[in-house]
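This briefing concerns salt bridges and the burial of helical residues. The reader is invited to examine the sequence and the structure before turning to the points below.

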Amino acid sequence: MTAMTAPSVLSAAGSQRAVIDEDHLGRMTLGDRRLEREVLEIFVRQTVIMLERIAGAEPALAAAAAHTLTGSARGIGAWRMARAAEQLERVASGKSGAAALDEAVEELKSAAMEASAAIAARLGDVLRDH
């Protein structure tokens, strides 16, 4: 990726919108870079698993998986992904209909791809196969 297309991984005080809030992530991992790496790797794997569960799932299962992703995304400071997961949980728990559910799933997938790309850029090619 070039600098123009790579998601920003700057801290919250950076000049671009941060995909991952580095200040928050640093607090959650106590500044331990090895722990941070492990947490981010687990996050990416969990995201893949939860998105697979959401795909074509009944609304209750989609809501439960989205709830899991909301907490995980908040834990690493992936705020857009957390908001998208929270929205999917709300839509799946309500009576919004299939179109609204599909739209919420697509937004979550987009936010998850953005977060995963930012993590991959941060950690290097270690996550390429996940």
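Contact here means heavy atoms within 4.5 Å. The model is predicted. It holds eight salt bridges, three of which are described below, followed by an account of helix 4.

**Salt bridges within helix 2**

- The side chains of Arg33 and Glu36 form a salt bridge, with a distance of 3.4 Å from N to O.
- Both residues lie in helix 2, which covers residues 33-54, and because they are three residues apart they are separated by about one helical turn.
- Arg33 counts as exposed, since its relative accessibility is 55% and the cut-off for exposed is over 50%.
- Glu36, by contrast, counts as buried at 5% relative accessibility.
- A salt bridge also pairs Glu41 with Arg37, whose closest N and O atoms are 3.5 Å apart.
- Glu41 and Arg37 are four residues apart in helix 2, so about one helical turn separates them.
- Glu41 is buried, with a relative accessible area of 16%, whereas Arg37 is partly exposed at 29%.

**A salt bridge between helix 4 and helix 5**

- Arg80 and Glu107 are joined by a salt bridge in which the closest N and O atoms are 3.1 Å apart.
- This pair links distant parts of the chain: Arg80 belongs to helix 4 (residues 79-93) and Glu107 to helix 5 (residues 98-123), the two residues being 27 residues apart.
- Arg80 is partly exposed, with a relative accessible area of 23%, and Glu107 also counts as partly exposed, at 36% relative accessibility.

**A shared network**

- Glu22, Arg33, Glu36 and Arg122 are joined into one network by salt bridges that share partners.
- The network therefore includes the pair Arg33 and Glu36, of which Arg33 is exposed and Glu36 is buried.

**Helix 4: span and burial**

- Helix 4 has 15 residues and, at 1.5 Å a residue, should span 21 Å.
- The C-alpha atoms at the ends of helix 4 are 21 Å apart, in agreement with that expectation.
- Which residues of helix 4 are buried? They are Met81, Ala82, Ala84, Ala85, Leu88, Val91 and Ala92.
- The cover over the buried residues of helix 4 includes helix 2, helix 3 (59-76) and helix 5.
- Helix 5 thus appears in two settings: it is part of that cover, and it holds Glu107, the salt-bridge partner of Arg80.

How values were computed: Residues are numbered from 1 along each chain as its sequence is written. This is a predicted model: local features need pLDDT of at least 70, side-chain atom pairs count only at pLDDT 80 or more; totals for chains, interfaces and linings use all residues. Side-chain values use heavy atoms; hydrogens and water are left out. A salt bridge is a side-chain nitrogen of Lys or Arg within 4 Å of a carboxyl oxygen of Asp or Glu. Buried means under 20% relative accessible area, exposed over 50%, partly exposed in between (1.4 Å probe, protein chains only). The expected span of a helix is 1.5 Å times one less than its number of residues.
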